[in-house]
Amino acid sequence: MKIRLPNAWLVAVAAALLGGLTGVATAVATATATPLRTAATAAAGLATEGPQPRLETDATVHDFGRVAVGGSGSHEFTIRNTGDAPLVLTKGATSCTCTVSDFSGAGSGDGSSRTVPPGGSTTVRIEWKGKGGGGPFRQRATILTNDPLRPEVAFSIEGQVVPIWKAEPPVITLAGLSASAPAEATAALFTFGNAAAELVDCRLVAEQFADLVTVSAEPLPPAALAAAEGATAGFGLTLRFAAGLPLGKLRGDVETTLRVDGEELTATIPLEGTVTGDLTVVGQAWDKRAKAVRLGTVSRRDGLATKLFVMAKGAGRDQVRLAVKEVIPAGLEVTVSPPRPVGDGNLIRIGLTLSVPPEAPTANNLCTEAASAGKIVLETGHPDTPELTIPVCVAIAE
Amino acid sequence: MHPAKTTHCPGLPRQPLAPRRVDAVAAGRLTMRLAALLVFTAISASAGSAATPDHGVGVSDEVVTEFQQRNGRLFENWGVPRAVLAITGELDGYIEPCGCTGKENQKGGLSRRQNFLDAMRTAGWPVVAVDLGSQVKRFGRQAEVKYQSIADGLRQMGYSGIGFGPADLRLPAEELVAAVASVGTEPTPFLSANVGLLGLDANITPRFRVVEIGGLRVGITAVLGDGKADGIRNDAIEIAPAESALAKVAGLLQQGNCDHQVLLSWATPEETRSLAAAYPQFDIVVTAGGADEPPAQLPELPSGGRLVELGHKGMYAVAVGFFPGSDQPIRSQRVPLDARWGEAREMIKLLASYQRQLESLGLEGLGLSAMRHPTGRRFAGSAACSDCHDYAYEVWEGSSHAYALTTLEEQDPRRDGDPECLSCHVVGWAPQRFEPFEGGFLSMAKTPHLAHNGCENCHGPAAAHAAVERGDVRATQAERDRLREELVLTLDTPEGKQRAVNNCLECHDLDNSPQFDFDEYWPSVDHSEDDEE
C-alpha cells in the first residue's frame, strides 16, 4: 500500500495546535470540575457533599494599642458554626511571639482541638508578648478547620510595642570623617515613662579619642517629641569632634544616665565610624584593598571610557585643583572635570575620565610579577598632599 | 528502491507528484514524526495548564504541604497575570536565615527569594522585581562585603529597581559606589529620586526607570524620607528633601505613559502616606517602618493606590499581580519565604563566596580588634572548669552548647569565619557586638580551648579562678572566695534569675531563637551544683 507522508513542518504545526488545545482544555476542566482547595480538603479528609460546617467570625484582627517591651496581653476571638455539621477546629501555626491558648465555650475536645456543634460557638484566646526593641507589632495565629470553604482562619494581633527608651538613629555612624577638620554628629534620645524623664549624665566612652570629643545633651522641645509616638521626654545629643582624630576606625559608646519613673537607667548608643585621609579615590574600578584602579585588558579597537572620582574633604578641600602630571601607560588618557561640591559642601568631587583611544600604543601594566603597575600622577594643590599617585593595573592590546 | 525525485523542467507542463512508496526509510520517518507530534503535544499541554508558582523546584510535596499549612497557600484564584511586581526589602543583613531554632523553621534569605522569582518566571509570569532597600544593618568591613554580595545577588536575580535604606547610606561612599555603579554597559538597578552618591549630579544612579513587562509600562522610583535622612552623617551622599525631589521625578514619570507607577518610600508609614497623597499617580506605594510581618491584604490609599509593607529581615516578599480588564485588576499576595522554596544553587554559591571573603580577610582584615571584658578578667576555657565541676561539665558536654562551633563548620557553606555567627558559638565574644573580648576565641589554630559556647560565656571569664584553684597562683582565702563568688549564678532570687536570663538572651535573641523561653529551655542544661553527686 502506498502511503503519502505529511510534510514535517505540517506535523509540527499540527502538534502545537493539538497540544495547545489539549492544555487549555485540561486547565479549564481542572478549574471547573475541581472544587477550590481540593488538595487541602483531600489532605484533611474533608467531605464536600452532604451537611457542612460553616465557620463565621466577627473579626480576625485585634489592635491592642500599646504594650511595653516585655509586657504581654491576650484577646479572645469568637468562632461560630452556622452550618449543619460539627465544626472541628485545630490549633495551627503561630508567629514567633504569639501563642494560642485553649479553646473555651461550647463544644468538646482537648486543648489542641475543639468540636463546635451546629449553631454553637467557641472562643479562642490569643496571647502575645511584646519582645524586641519596640515599634509596630503584627503577629498571627492560625486555626485549621473542617469547613471546606475556610479550611483555615488566621487571627492577627497588631499594635505598638513601646520600649522604655529609644534612640534615633539607634547607632551613631560617621563614615569618612576628616582628620584635619572638626565635625559634629547628633542623635535624639526618647523615653516612654509615665512622666518626663530626668537627665542625670551624658558621656562618651571611647578608649582612643574621647579627649577629642565633647558630648552635650539638651531637652527636646515638646514639638520634637512627635517624632517618637508616645514619648514623654526627649533629649538632643550633640557630639563635637575636634580636628586631629586618628586615622582608622572609630568606636565608642554614648552613655546617657536617666531617671525614668523614679528608676535610674543608662541608655547606651553605640558610636562607630571611620577617619580617612583628605584625598580619596572612588569608582567602580577602584580596588580598595589593593589601593589601585583595575581596568584589566583593554582592546584599543573597542576603547575604554570609565570614570573615577577624587574626593577632597577637610580644611584644604577648597584649594584642591587637579592637574595631570604623568600617566603610565602613555596610551591611557585622563581628563579632569571641574570640582563640584557634594551636598553641604563638606566634600568636593572631582571627576576623572579614563579613556583609551584607537591609536593608543599597546602596553602591559597589569600589576603582575612580570608587568609592573601603571600610574596616574596628579598635582593637587592640597596644602598637605601636593601630589597624588593612583596605581593603575591595565593592559592595552590590539 | 529510492523514491523518485520529481523536478520541474521549464517549458514543460507540471506533472502531478507520483505518490511515494512506503519502505523502511519512510516508516522510520513516519515514526519520528509521530514521536515529534507526541513531544510537541506534551510540551504544549504543559504550557496550556502551567502550574501555580507556589513552591521551589525540587522541593518535596511533604515539605510544600507542611509549609502551606503553617504559613498559608499562595496565589489562589489568580490565574496567569499580565505581569507581576515582586517586592522585597528591609533585608537588614539577614542574607540567609540561621539560628538554633533550625533553618527550616525560619523565613527569608536570598536563596529562597531567587527560587520564588524563578518559580514565577518558569510559570510564564512576566516578573519585574523591585527592592525597597536596607540590605544591611551594621557598619564596618563585614557590612561592606555583605552589601557588595547582596548587590551582586540582586543583579543576578534581575532586579529592575532597588532603593536605599538609611543603614545602606552609612557605609563609606567608595563601597557604595563600587557595589552600585553600572558594570560595563549594563545599567545599574539602583535608583533614587532624592539620594545621590557623590552628589545628585554625579548620576551614579538614575532618578527613576520605566520597565516594559507583559505589555505593560511600569514606572519605578524611590525616595528616602526626610525623617530618616536626618540621621545620616555621610558627607559623600547628597540627600534632597523627599517631596521636592519627587516632584521632579513624578512629572517625568507622567510623561512616560506608564500603566502603573511604583514608589519605593524608605520612610515612616506616616511620611509615606503623606507623599502618596501628594502624588496620587503612584498606585503601588511601598513603605518602611511597618511591623515584623506584612498585613494579609494591602490597605487602600485615599488615592485608590495600594500601600505595601514588607515586614522585617526579608522574611516576606509581596507579589502584586496585574490583571487589566478583569473584575480584580490588581491582586496581592504576601509570600512567606519559607522552606517550601528550597535553595537556589546560584545564591548558595554567592553565599559561599561571601563566607570565603570573610575568611580570607580574617578578624584583622575585618577591622575587629579585641576589646576589654567589662570585668577585666581573662578566659580559661571550659575544660579548665571540668577539673572541679565534673557534673556541670558533663551536662554541658551533652548539650548543644558543646558543639556550637561544629554546627558552623558543618553548614554549607561553612560559617566558622563569620563574626556574626562566631559571636555566639565560641567563648569570649560579645554576642551582640560580634567582636572578641581580650583573650577570647581567635581561631581553632590559636585558641582551640575556647571553641563552642562554653561555661564562661554565662559565668564570666574564669582564668584567675582556675589558676588559684589549681594552685598555679597563690592567693589568700578571701581572694579565693572572691574569685569563686564572682562566677556564681543563682536562680534562687528574682535578681539572680533575671541575670541568668539576660545572659541567655544575649544569644537566644529574637532573631536566632524566637521561641526561647527560659523556663522551657533551662531543664535541658540544668547543671545546678546541688545536683552534683
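**Exercise 1. Find the residue that stands opposite A:A185, and place the pair in its sheet.**

Step 1. In this predicted model, A:A185 stands opposite A:L239 in β15(A).

Step 2. Now look at the strands around this pair. Strand β12 (residues 183–191) of chain A and strand β15 (residues 233–241) of chain A are joined by 9 bridges in the antiparallel sense.

Step 3. Widen the view to the open sheet of 4 strands, whose order is β10-β12-β15-β14 (chain A), with antiparallel pairing. The edges are taken by β10 (165–168) and β14 (213–219) of chain A; each has a single partner strand, so one side of each is left without a neighbour in the sheet. From one strand to the next, the twist averages 20°.

**Exercise 2. Work out which strands stand at the edges of the 5-stranded open sheet in chain B.**

Step 1. Write down the order, which is β3-β2-β1-β11-β12 (chain B), with mixed pairing.

Step 2. Read off the two ends. β3 (159–162) and β12 (330–336) of chain B each have a single partner strand, so one side of each is left without a neighbour in the sheet. The twist here averages 20° from one strand to the next.

Step 3. Zoom in on one end. Strand β2 (residues 127–131) of chain B runs parallel to β3(B), and 3 bridges join them. B:V130 has B:G161 in β3(B) as its bridge partner.

**Exercise 3. Decide whether the faces of strand β18 of chain A are covered or open.**

Step 1. Recall a general rule: side chains in a regular strand alternate between the two faces of the sheet.

Step 2. Sort the residues of β18 (residues 279–282) of chain A by side. A:L279 and A:V281 lie on one side, A:T280 and A:V282 on the other, and all are buried, so both faces are covered.

Step 3. Find the neighbouring strand. β18(A) pairs with strand β21 (residues 304–313) of chain A over 4 bridges, in the antiparallel sense. A:V281 has A:V310 as its bridge partner in β21(A).

**Exercise 4. Follow B:V177 from the nonpolar core to its contacts.**

Step 1. Start with the largest nonpolar core, which has 172 residues; B:V177 is among those with the most contacts inside it, as are B:L85, B:A86, B:I87 and B:L198.

Step 2. List what B:V177 touches, leaving aside residues up to four places away in sequence. The contacts are A:V282, A:G283 and A:Q284 in chain A, with B:L197, B:L198 and B:I204 in chain B.

Step 3. Another core, of 23 residues, lies apart from it and includes B:C98 and B:F437.

**Exercise 5. Compare the settings of two residues with positive phi.**

Step 1. Keep the background in mind: most residues other than glycine have a negative phi.

Step 2. Take A:C367, which is not a glycine but has a positive phi of about 60°. A:C367 sits in the loop between β26 (363–365) and β27 (374–379) of chain A. With 18 other C-beta atoms within 10 Å, A:C367 is partly exposed.

Step 3. Take B:N257, also not a glycine, with a positive phi of about 50°. B:N257 belongs to the loop between α7 (242–254) and β8 (260–266) of chain B. B:N257 has 9 C-beta neighbours inside 10 Å and counts as exposed; the cut-off for exposed is 12 or fewer.

Definitions and conventions:
Residues numbered from 1 in each chain as written. Chains lettered and ligands numbered in written order. Predicted model: local features only at pLDDT ≥ 70, side-chain atom pairs only at ≥ 80, totals over all residues. Pairing = 2+ DSSP bridges. Helix = DSSP H or I, 4+ residues; strand = E, 2+ residues; numbered from the N terminus. Axes fitted to C-alpha atoms, helices over the stretch in contact; angles between N-to-C directions. Core = buried A, V, L, I, M, F, W, Y, C linked by C-beta atoms within 7 Å. Buried ≥ 20, exposed ≤ 12 C-beta atoms within 10 Å, placed from the backbone. Contact = placed C-beta atoms within 7 Å.
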